[in-house]
Amino acid sequence: MGDSPFDLDQMQRTAIALAKGGRLVEARNLLVQLVESDPNREIAWVWLSDLMDSPEDRLIAMENALELHPGYRPYLQRLEQLRAQQDRFHQEDTLRSQEWMRQAAEALKDGRRDLALNLARHVTLEDPAAGQAWLLVANLSPDPAEQERALEAALRANPSDKILQRRLEEVRELSQHPLLLGLSYQRRGDLDLAMDVYNRVLTSSSSREERVEAATLLDFATFYQRFPEVKPVSPNRTLVRMATGPILLYLFLLLMQSGLNPLHAPLLPALGVLPTILGSFLLVLAGTRPLHPAWVRAFGSAGQGDEPLYRGLAKTAAWLMLLTPYALLAIDSFERLARLYQTLSSGGSLP
Amino acid sequence: MIPLNDTEANRYSRAPGMTILLIVLNTIVSIAGWIFYQPDFTYLLFGAVPTFTLDRVGGGALTTFSSMFLHGDIFHLFFNMLALWVFGRRVEDACGPWRFLAFYLLCGTTADLLTTLVMFNSPIPGIGASGAIYGLMGAHLILFPGGRIRTLFFISIIPFWPKLRAIWIVLYFVASQILPAYLMAEKGEFTGVGHWAHLGGFFGSIAVLLFLRPEAYLRYHSHESV
C-alpha cells in the first residue's frame, strides 16, 4: 500500500521543519524519500536544490522543480546561480587536480615515486576523465592489473592514441609472464618497478626455473642500480658482442694462414668466413637465456612448447657451421705442414 | 717478481676446469715436444716462425696454436703455468670455460700476429703460452684491478712475498716488456724472449675486452671489481 497524499504532505511538513531547525541531513533524507514516492512534489525539489551535497544533484533538483513549474522566474534565477556554482566548483576541481599533478611531477623528479603515484590516484578519483593522471598511474604502478585499468581509462580519454593501445596490449600480454614484464620495465629504465616484479616472482613463484631466473635478473638489476652510469646493454647488442669472439679468432687464423695477405687466403677456408659468422650468431642465440626477445618473439614466451627442441637443433646446426671452416683451415694447415716436413726431412732449402 | 697465488677472499662460483685442462695440455704437449725433440726440426715445424708465416710455409694457423703449447724447458713451462693458474682462474670464472678458451686462443693469436708483423724478418721460432697469458693478465687488469696477488720477489737475496694489487703486478710485467721489445725491433737485439708476443697478447686482450665488455671499463673506474 503506498503512502496516502496526507502522509506525504505530513512528510513534507516534517522535512521542512527539520531543515528550518538545522537538521539538514535528516531533512534531506526525508525529502529524497518523498520525491521517490511522489516525483511531482515541487516544493520538495526546491528544498532539495539547497540540501543536496553535490552541485550536480542540486542542479538536477532545481531542473525537476522547473519542469513542474515551467518558466517560473525565481526557479530560473536559482538555476542560473546553481549552474554558475557548478562551473566554479569544476574550476576548483580542475585547479586542485592540476595542483596535484604538479606535485606529482615534482615528487617524480625527486624520486618519490610512491607519492607521485598516490597523487595521480587522487586525481583519477576526483576526475575519472583525467587522461594524464591515468597515464601516470599506468607508468608508476607496480601492479599489472592497476596498469591495465589505468591504460584502459587513459584510452577512453584518448581513444585514437595508438601508443596507448599498443601499451595496453603489451601489458595484457606481459601480465601473463611476470619476468617478461619486469624485463620490459628494466628496458625502459624503471629499475625499481622491475626489481619489485623480480622480488615478487622470487618469493611467490612455484616454478624453480622461474625463481632462479628471477634471482639472476634481480642481480643484474641491482648492479645497474648501483652503477647508474653503466647503461643496460640491449640483448641484441650483447648477442653481437658474444658472437664476435669465434669470428675474430677465425679471421685472425685465416690471416695467419694467408701470410697476412688476405688475397692469398686459401679458397675453402676463405669461403668458410660466412658460415663462421652465421654459426657463431646461431650458437650464441641458441645459448641465450630463455627470456631473450628473439625467442619470446618466436615462441610467444620462453620455455614453452617446442622451444627446447628448436634450441637443440639451432645449437647442432651452429656447431656444424662453426666447426666446418675451422676443420677446412686445419686441413690446409696440415697439408702445408706435411710439405714442410718433407722439405726438412729431405734436407731441402727453406724459404 | 713471481706471482704465486690469487688471495682474494671471494670464492669461485665453479671449479676452474678449463684452466686446469689448459695446464695439463700445455704440460703434455711440452713434454712430448722434449721427448720427441729434434734440433732444427721440432720448433721449425710447430713453432711460430714469422718468415714462414709470411711466405705461407708450414702450418700457418695450426702453428699459431701448436706454438702456444710448446715450451723450451721446464722453467719456461713452470712459470707460464704458474701465471696461468694465478690469473686464469678468476677470468674463467667471469666468463665461463668455453668463452675463456676462445679468449685464451684469441690472445695467443694476437700475440703471434703482432710478432709476425713486427719481427717479419725473423726466422726464429716462437713458442710458449706467455702471449696468451699476458692476454689473461690484461683481462685480470680490466676485470679485477684491485684483486690481491701473493707475489714473491727478492731484494738482494732476501725474499719478500707481500700481497700486491693485480694492477701493479700486471703493469710491472707489461712495462718490463716495452724497452726490450723496442730494442728487439729497432736494433735486432734478441733476448730469447718473445716480448712482442707478450705485448700482442696483452693489448689484444684489452682491445677485445673493451669491445666486448665496455661496462667493465666503467666498473674499473668505479674501483669495483666483478
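**Exercise 1. List the buried residues of H1(B) and say how they are arranged around the helix.**

Solution. Step 1: the buried positions in H1(B) are Met18(B), Thr19(B), Leu22(B), Ile23(B), Asn26(B), Ser30(B) and Gly33(B). Step 2: viewed down the axis of H1(B), these buried residues lie within an arc of 145°, so they line one face of the helix. Step 3: the face turned away from the buried side carries Ile28(B) and Ile35(B), which are exposed. The model is predicted.

**Exercise 2. State which helices the buried residues of H1(B) pack against, and check the span of H1(B).**

Solution. Step 1: the packing partners are helix H2 (42-46), helix H4 (61-69), helix H5 (74-95) and helix H6 (97-118), which belong to chain B. Step 2: H1 of chain B covers residues 17-35 and has 19 residues. Step 3: from first C-alpha to last, H1 of chain B reaches 27 Å, close to the 27 Å expected at 1.5 Å a residue.

**Exercise 3. Classify the ring pair Tyr250(A) and Tyr326(A), and locate both residues in chain A.**

Solution. Step 1: over all chains there are nine aromatic pairs. Step 2: the ring centres of Tyr250(A) and Tyr326(A) are 5.1 Å apart and the planes stand at 70°. Planes over 60 degrees apart count as edge-to-face, so this pair is edge-to-face. Step 3: Tyr250(A) sits in helix H13 (residues 235-257) and Tyr326(A) in helix H17 (residues 307-345), so the pair links distant parts of the chain, 76 residues apart. Step 4: the cut-off for buried is under 20% relative accessible area. Tyr250(A), with 1%, is buried, and Tyr326(A), at 19%, also counts as buried.

**Exercise 4. Classify the ring pair Phe100(B) and Tyr104(B), and give the separation of the two residues along helix H6 of chain B.**

Solution. Step 1: the ring centres of Phe100(B) and Tyr104(B) lie 6.5 Å apart, with planes at 40°, so the pair is tilted. Step 2: Phe100(B) and Tyr104(B) are four residues apart in helix H6 of chain B, and are therefore separated by about one helical turn. Step 3: Phe100(B) counts as buried at 0% relative accessibility, and Tyr104(B) counts as buried at 0%.

**Exercise 5. Describe chain A by its secondary structure, burial, contacts and exposed area.**

Solution. Step 1: chain A has 17 helices and zero strands. Step 2: of its 351 residues, 39% count as buried. Step 3: among contacts in chain A with a separation of 6 or more, 50% join residues 24 or more positions apart. Step 4: chain A exposes about 19900 Å², and carbon and sulfur atoms supply 57% of that area.

Definitions and conventions
Residues numbered from 1 in each chain as written. Chains lettered and ligands numbered in written order. Predicted model: local features only at pLDDT ≥ 70, side-chain atom pairs only at ≥ 80, totals over all residues. Heavy atoms only, no water. Expected span 1.5 Å × (residues − 1). Buried < 20%, exposed > 50% of the residue type's maximum accessible area, 1.4 Å probe, protein only. Arc of directions from axis to C-beta. Contact = heavy atoms within 4.5 Å. Areas by Shrake-Rupley, 256 points an atom, 1.4 Å probe, with all protein chains shown as cover. Phe/Tyr/Trp six-rings, centres within 6.5 Å; stacked < 30°, edge-to-face > 60°.
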